[in-house]
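Work through the exercises below with the model open. Each task is followed by a stepwise solution.

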Amino acid sequence: MVRVWLLVVLILFYNGFPLNGVSTNVSTRPESVSIGAIFAFKSVIGKASKIAIEAAVEDINSNSEILGGTKLKLEMKDSNYSGFLAIVEALRFMEKDIVAIIGPQSSVTAHVISHLANVLQVPLLSFSSTDPTLSPVQFPFFVRTAQNDLYQMTAIAELVDFYEWREVIAVYEDDDHGRNGIAALGDKLAERRCKISYKAALSPDASRGEITNLLVKVALFETRILVLHVPGSWGLTVFGVARYLGMMDTGYVWIATNWLSTVLDTNSPLAQEATDDIQGVITLKMYTPESELKRKFISRWSNLTSGNEINGHSIGLNAYALYAYDTVWLLARALDAFFEQGGNISFSNHSQVSKLQKGHLHLDALSIFDGGNLLLDNILQVSMNGLTGQVRFTLDRDLIHPAFEVINVIGNGYRKIGYWSNHSGLSILPPETLWSKPSNRSSLNQKLYGMIWPGQTPEKPRGWVFPNSGRHLTIGVPNRVSYREFVSVNGQAVTGYCIDVFTAALSLLPYAVPYKLQPYGDGHTNPSGTELVRLITAGELDAAIGDIAIITNRTRLADFTQPYVESGLVVVAPVRNTDSGAWAFLRPFTRSMWAVTAISFLVVGTVVWILEHRLNDDFRGPPRRQAVTILWFSFSTWFFSHKENTVSALGRLVLVIWLFVVLIINSSYTASLTSILTVQQLSSPIKGIETLQSSNDPIGYQQGSYALNYLINELKIDESRLKPFNSPEEFAKALKDGPHKGGVVAMVDDRAYIELFLSTRCEFSIVGQAFTKNGWGFAFPRDSPLAVDMSTAILKMSENGDLQRIHDKWLLRRACSSQGATMEVDRLHLKSFWGLYFVCGLAFLIALLFHFLKAMRQFSRHYPHELRYSSRRSPSARLQTFISFMDEKEEEVRSRSKRRQLEGGSSRTDNRSAGNSNYDREDTEFSSNKTIGTASQV
């Protein structure tokens with residue numbers, strides 16, 4: 001309370017008043033410069049920093065090149081863990097000619113003293129106030145010479161994300177430093193989709209009993225990742241209580257901020273009991289690169305600390321001591337530049353302070369450092385190499401190259417498992433080796449060495465357990481009316497494919513999950529999956545399982561597991577089997593293809609005839625013969641049976657190219673005809689969702705399906721065209737009736753349902769392609785770790801075949817193909833070929849008819865007397881004569897006919913009576929000639 005009133009008084013009297021009054025001027029290079037330091041000498045940070053600051057002042061004063069002979073006059077004050085004392089000592093410093101103050105140690109105190117520094121223009125350099133809210137905008141004279149806690153919290157957030165945890169519990173000291181640090185941690189976790197599930201605050205003077213009560217409450221939560229952000233003075237007490245409560249056993253993860261590494265470096269070795277309390281803990285340590293300057297200082301440390309033992313233990317060197325040493329050197333170099341620029345150490349009284357001469361506080365003694373702004377500018381422009389590496393400030397007035405070591409406490413010490421830097425994230429390489437390379441923050445580039453976790457286990461903890469409240473998870477399941485193979489609710493019994501997948505996945509988890517199934521729906525209509533998922537967001541359900549499709553608007557409400565069913569919306573319509581038919585052999589080619597092919601044959605025949613006519617006897621002769629040759633040659637190439645030789649080079653070139661074309665056409669024709677004759681051909685006027693969009697016919701969908709919203713909102717189909725149905729029987733009837741009888745032209749539904757629907761209904765089929773791609777998964781609250789573990793279990797089931805076995809148990813059907821449009825091999829029937837036989841037989845009859853007509857004409861010309869005297873002979877004799885004629889070679893018949901005509905010219909005057917004897921003689925001659933002709937052929 002005193003501190004608050006003091007702050008109010010100082011703000012009222014100093015902030016914003018004009019300056020005038022007495023000025024005290026000192027020479028440009030004075031013999032000495034007074035600086036102050038405020039911190040707790042006996043604290044973990046203070047006892048090592050005090051030695052480092054004294055060593056730095058000694059080193060500077062012994063080096064005449066730094067300040068040109070000017071000595072630093074250091075005055076240190078012990079705040080003794082008290083913020084009030086720190087403020088009082090700061091006021092006392094400002095009564096004197098102090099040009100800068102090193103400290104304070106506490107961030108809480110720094111907030112108060114920074115107001116004084118702003119008014120009196122005295123730079124405040126703190127090597128331990130790491131509160132990220134100490135902004136240079138609000139406190140321009142506050143300079144942080146150590147790493148900002150914002151970077152430490154970023155490192156912790158990246159650790160949590162690296163190990164794939166999603167929630168942490170923050171245990172912290174309830175003051176400005178603790179609250180602001182945890183707020184920064186929450187922001188950094190949120191950037192990585194992680195969060196602080198519970199903030200456990202402890203008072204600055206927390207007792208063991210208070211710590212115990214808080215940790216008992218923390219143990220009831222499911223999260224097992226704890227971030228401890230407390231002062232080193234009582235941080236080990238928290239671990240002692242945690243170990244007593246069993247919170248340092250397997251399954252827990254403790255991440256301590258850099259206070260723990262400071263304790264380990266300063267007070268090592270710890271008591272055995274304290275060492276046992278922190279086994280497996282992760283902590284951070286401000287990283288300082290190795291250098292010759294640092295190695296020399298470390299070798300001096302034992303001499304510097306001799307005689308300063310506490311309770312018989314020497315004081316170890318911690319990172320804060322290194323920053324404290326560099327802070328003094330930073331100030332010395334800034335002062336040197338200040339003097340080089342002609343700066344004078346002068347102080348002016350505040351115009352309003354003279355009015356406060358009455359009283360015992362002596363506030364009128366406070367004075368303003370006239371060169372404060374110039375000194376502050378020189379501090380911010382310093383660039384030097386110190387014990388902590390390169391010391392230089394960014395535009396945000398943070399030190400460049402923020403980095404931390406990641407430490408795992410093991411045995412009596414600790415092991416470095418990697419580094420974190422703002423440049424490259426988590427790495428096993430020292431940060432300075434990566435600063436010159438492009439930043440690479442990809443997940444593949446983030447690496448750490450193996451950890452030993454609490455409980456002495458190398459296996460990464462899961463990070464959460466079910467709370468010890470004894471409450472079972474309430475898991476919603478849809479109370480389906482149709483397709484009960486997926487989910488079936490019968491009283492208290494819930495079965496089905498989805499339920500078996502869920503229970504099988506749970507059995508693969510390395511822990512037990514108490515749960516109860518709660519049906520959702522009235523049992524008369526299929527419930528909406530979106531409304532079921534919405535109950536998770538409302539807090540009425542802890543999870544939802546069943547035939548829940550993973551779609552966009554549902555992923556905004558909950559997290560889903562890995563899909564265990566691949567699905568998507570498809571169109572189902574009635575189909576008919578298209579028989580091959582008698583004229584199936586014409587179907588491989590279209591009319592235009594047949595026409596072009598026929599013309600091509602004629603063109604090729606003509607081109608080859610032109611190229612060969614003058615050179616090749618096969619392509620010469622009477623015009624009629626040449627025309628026949630062209631036709632025969634061109635069409636015989638279809639079967640590669642042409643016998644005419646090509647002798648010209650151009651003719652052969654044309655023929656080779658054409659035969660290649662014929663080979664391709666022939667093969668394509670054969671393959672297409674084979675498919676037409678052997679594969680079942682199903683056809684439907686509906687070709688896919690595009691057909692439905694362009695028509696006005698009614699469309700069916702399953703009640704409660706997300707297909708309704710998709711068809712209306714995404715495909716812009718009028719809602720009046722959509723009809724809901726509840727059962728497969730209703731689907732089938734509506735599809736059979738069609739739109740003209742009150743049914744629908746097609747159904748739109750999830751592929752998983754349709755495959756089951758088509759397993760016993762081959763008169764319907766999926767037409768077109770699936771026009772959405774999604775799957776079914778189990779829904780859990782956002783950022784639920786159970787969703788991740790269940791996804792892993794589902795992947796294992798997919799790999800070991802359990803998922804397929806469960807599918808075959810519930811969904812395998814053998815009555816019909818699961819896809820109505822799949823290929824079915826059939827036997828070949830006569831009806832597919834009678835057209836070919838008809839064409840072939842018709843050609844045979846026509847050829848024979850022309851042949852016999854030609855033979856009758858020749859018979860009548862060469863043997864007219866056979867027709868003239870046919871009535872005198874028996875039918876068998878006439879038939880035998882005609883058969884003998886048909887068996888005779890045509891050339892012999894023609895030659896005999898000519899000879900007979902020559903011989904018969906001399907006897908044309910004989911009477912009719914001699915005709916009979918001539919007939920007998922001719923008949924005998926014909927028979928003898930037939931015999932001679934036959935013998936000559938043999």
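**Exercise 1. Locate proline 104 and describe the peptide bond before it.**

Step 1. Proline 104 sits in the loop between β4 (98-102) and α5 (107-120). Helices (H or I, at least four residues) and strands (E, at least two) are DSSP runs, numbered from the N terminus.

Step 2. Glycine 103 and proline 104 are joined by a cis peptide bond, with omega about -5°.

Step 3. Repeat for proline 269, in the loop between α10 (259-267) and α11 (272-277). Serine 268 is joined to proline 269 by a cis peptide bond, and omega is about 0°.

A note on the source: this is a predicted model, in which local features need pLDDT of at least 70, side-chain atom pairs count only at pLDDT 80 or more, and totals for chains, interfaces and linings use all residues. Residues are numbered from 1 along each chain as its sequence is written, and side-chain values use heavy atoms, with hydrogens and water left out.

**Exercise 2. Find the sign of phi at glutamine 121 and at arginine 193.**

Step 1. Recall the background: most residues other than glycine have a negative phi, and most peptide bonds are trans.

Step 2. Glutamine 121 is not a glycine, yet its phi is positive, about 55°. Glutamine 121 lies in the loop between α5 and β5 (124-126).

Step 3. Arginine 193 also has a positive phi, near 60°. Its place is the loop between α7 (176-190) and β8 (195-202).

Step 4. Now check accessibility. Buried means under 20% relative accessible area, exposed over 50%, partly exposed in between (1.4 Å probe, protein chains only). Glutamine 121 has 18% relative accessibility, so it counts as buried. Arginine 193, at 48%, is partly exposed.

**Exercise 3. Classify the aromatic pair of phenylalanine 297 and tyrosine 325, then that of tyrosine 483 and tyrosine 753.**

Step 1. Set the criteria. Rings of Phe, Tyr and Trp (its six-membered ring) pair if their centres lie within 6.5 Å; planes under 30 degrees apart count as stacked, over 60 as edge-to-face and the rest as tilted. The structure holds 32 such pairs.

Step 2. The ring centres of phenylalanine 297 and tyrosine 325 are 4.8 Å apart and the planes meet at 55°, so this pair is tilted.

Step 3. Place the rings. Phenylalanine 297 is in helix α12 (residues 292-305) and tyrosine 325 in helix α13 (residues 319-340), so the pair ties together parts 28 residues apart in sequence. Phenylalanine 297 is buried at 2%, and tyrosine 325 is buried at 7%.

Step 4. Tyrosine 483 and tyrosine 753 are stacked, at 5.1 Å centre to centre and 25° between the planes. This pair links distant parts of the chain, 270 residues apart: tyrosine 483 is in the loop between β19 (473-478) and β20 (488-490), and tyrosine 753 in helix α24 (residues 751-758). Tyrosine 483 is buried at 5%; tyrosine 753 is buried at 6%.

**Exercise 4. Describe how α15 and α25 pack.**

Step 1. Helix α15 (residues 497-507) and helix α25 (residues 785-800) pack at about 105°, with axes 9 Å apart. Axes are lines fitted to C-alpha atoms, for helices over the stretch in contact, and angles run from 0 to 180 degrees between N-to-C directions.

Step 2. That makes α15 roughly perpendicular to α25 (under 35 degrees is roughly parallel, over 145 roughly antiparallel, 65 to 115 roughly perpendicular, the rest oblique).
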